[in-house]
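User: Could you walk me through this structure while I have it open? I'd like to jump between a few spots as they catch my eye.

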Amino acid sequence: YKQMGEYAKALEHYEQFHLIKEVVFNAQSDLRIKNLQVIQQVERAKRENELLQQKSAELEKEIEERKKAQERTEFLARTDALTGVYNRGHFITAAQHFISEALQQQFSLSFILIDVDYFKRVNDTVGHLGGDRVLINIAEALVRILRARDLIGRYGGEEFVILLPDTNQDTAVQVAERLRETIDTMEILHAQNRLHVTISLGVTSLENNTEAKGSILETLLQQADRALYAAKHQGRNKVIPYTNDLQENTI
C-alpha cells in the first residue's frame with residue numbers, strides 16, 4: 001500500500017499488524033509466565049516431597065529406635081543381666097503359664113533345680129569376677145544343650161532352674177545327667193586360671209502333683225529343692241529325682 005501511495009491504508013495495516021503482534025506477544029508472555037509458574041510449582045512440590053520423605057525417614061528411624069528401646073527394656077525386665085537367661089520373676093510367670101497349659105492338655109512337665117557345688121570356694125579363690133565367669137559359662141552350656149522351648153532361669157545366686165515341657169521325670173533325669181556330665185568335663189578359663197566346677201541337680205515332675213493342693217508351681221519347686229538338697233547331702237555332683245521318700249524331716 002505504501003508503494004502504491006495509499007498511505008492511509010498502509011498505516012491502517014501497520015497499526016493492525018502491531019496490534020496483532022502485541023496480542024501474540026502478550027499471549028506468548030502469558031504462556032511463558034504460566035510455564036514458569038508450573039515449573040516453580042513442580043519444583044516446590046518436589047522439594048516438599050523430598051522434605052516429606054526426609055521427615056518420614058526420620059519418623060521411621062525414631063519409631064524403630066523407640067521399638068528397639070522398648071524391646072531392650074522388656075528384655076532387661078525378663079532377663080538376668082549377668083547370664084542372659086531368664087530372671088527369677090519372669091521364669092515364675094512363664095512357668096505358671098506352662099503348668100496351666102500342661103494341666104489343661106494333660107501334658108507332662110518337669111523341673112530341674114541346679115546348684116553350683118562349693119561356689120563360695122570359687123569366689124574366695126579367684127574372686128567374684130571368676131565366679132561370674134563360671135555362672136556365665138554354665139548358663140551358656142545350658143542354653144547350648146537344652147531345647148529352644150525349654151525355660152532356663154537364674155533362680156538366685158549360683159542356682160539355676162529349668163522347666164522341660166512335654167518331659168516326664170525319667171527323661172528329665174536323663175537330661176539332668178547330661179547337663180551334669182557336661183559341666184563336670186568343662187574347663188573354664190579366667191585370667192590365668194583354669195577352673196573346674198561341678199553341679200548338683202534335683203529333678204521333679206508334674207506327674208507327682210496332679211492332685212496337689214495349693215500352688216503346684218510352689219510344690220514343684222519345693223520338691224526339686226529337696227531333691228537338690230539330697231544330691232548335695234550325698235556328696236554333690238549328682239542327679240537326684242524327687243520321690244515321696246524325700247520328706248523334709250529326713251533332709
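Analyst: What follows is a conversation about a few residues, strands and pockets, and please keep in mind that this is a predicted model.

User: Let's begin with Asp117: where does it lie?

Analyst: Asp117 lies in the loop that runs between β1, residues 109–116, and α3, residues 119–145.

User: And is Asp117 buried or exposed?

Analyst: Asp117 counts as buried because its relative accessible area is 3%, and the cut-off for buried is under 20%.

User: What does the side chain of Asp117 make a polar contact with?

Analyst: The partner is the side chain of Thr198, at 2.6 Å. A polar atom of the Asp117 side chain also lies 3.4 Å from the backbone nitrogen of Ile199.

User: Which residues does Asp117 touch, not counting those up to four places away in sequence?

Analyst: On that basis Asp117 touches Thr198 and Ile199, which have just come up, together with Ser200, Lys232, Arg236 and Asn237.

User: Let me follow up on Arg236 and Asn237. Where is the place of Arg236?

Analyst: Arg236 is in the loop between α5, residues 216–233, and β7, residues 239–241, and Asn237 lies in the loop between α5 and β7 as well. Arg236 has a relative accessible area of 25% and is therefore partly exposed, and Asn237, at 22%, is partly exposed too.

User: What about phi of Arg236?

Analyst: Phi of Arg236 is near 70°, a positive value in a residue other than glycine. Asn237, which is not a glycine either, has a positive phi of about 55°.

User: Switching to pockets, which residues line the second largest pocket?

Analyst: Asp117 is one of them, and the others are Tyr118, Arg121, Val122, Thr125, Val126, Leu195, His196, Val197 and Thr198. So the lining includes both Asp117 and Thr198, the two residues whose side chains make the polar contact at 2.6 Å. The second largest pocket holds about 150 Å³ of space, and α3 gives the largest share of its lining, with four residues. By class, that lining has five nonpolar, three polar and two charged residues.

User: How much space lies in the largest pocket?

Analyst: About 220 Å³ lies there. Its lining has 15 residues, and the closest to the centre are Tyr86, Val143, Ala148, Asp150 and Ile152. At least two lining residues each come from α1, residues 7–78, from α3, and from β2, residues 151–156. The residues of this lining divide into nine nonpolar, two polar and four charged.

User: Since β2 came up, what is Gly153 in contact with, leaving aside neighbours within four places in sequence?

Analyst: Gly153, whose place is in strand β2, is in contact with Val85, Tyr86, Phe91, Glu159, Phe160 and Val161. Gly153 is buried because its relative accessibility is 0%. Its C-alpha atom is separated by 8.8 Å from that of Ile92, although the two residues are 61 apart along the chain.

User: Which residue of β3 does Gly153 stand opposite?

Analyst: Gly153 stands opposite Val161 in β3, and β2 and β3 pair in the antiparallel sense over five bridges. The hairpin of these two strands has two residues between them, and Gly157 takes a positive phi near 55° there.

User: How many residues of β3 are buried?

Analyst: Seven of its seven residues, 159–165, are buried, and the strand is mostly covered. Both faces are covered, with Glu159, Val161, Leu163 and Pro165 on one side and Phe160, Ile162 and Leu164 on the other.

User: Back to β1, then: why is it described as largely enclosed by the rest of the structure?

Analyst: Because eight of the eight residues of β1 are buried. Leu109, Phe111, Leu113 and Asp115 point one way, whereas Ser110, Ile112, Ile114 and Val116 point the other way, and all are buried.

User: In what sense do β1 and β3 pair?

Analyst: They pair in the antiparallel sense over seven bridges; Ile112 has Ile162 as its bridge partner in β3, and Leu109 has Pro165. β1 also pairs with strand β6, residues 199–205, in the antiparallel sense over seven bridges, where Asp115 stands opposite Ser200. That brings us back to the start, as Ser200 is among the residues that Asp117 touches.

Key. Residues are numbered from 1 along each chain as its sequence is written. This is a predicted model: local features need pLDDT of at least 70, side-chain atom pairs count only at pLDDT 80 or more; totals for chains, interfaces and linings use all residues. Side-chain values use heavy atoms; hydrogens and water are left out. Buried means under 20% relative accessible area, exposed over 50%, partly exposed in between (1.4 Å probe, protein chains only). A polar contact is a pair of N or O atoms within 3.5 Å; within protein, one must be able to donate a hydrogen and the other to accept it, and residues adjacent in sequence count only if both atoms are side-chain atoms. Contact means heavy atoms within 4.5 Å. On a 1 Å grid over the protein atoms alone, a cavity is a set of points where a 1.4 Å probe fits but cannot get out, and a pocket is an open set with protein on both sides within 12 Å along at least five of seven lines; lining residues have an atom within 4 Å of a point. Grid points are joined across faces, edges and corners, and a volume is the space filled by probe spheres set on the points. Ala, Val, Leu, Ile, Met, Phe, Trp, Tyr, Cys and Pro count as nonpolar, Asp, Glu, Lys and Arg as charged, and the others, Gly among them, as polar. Two strands pair if DSSP finds at least two bridges between them.
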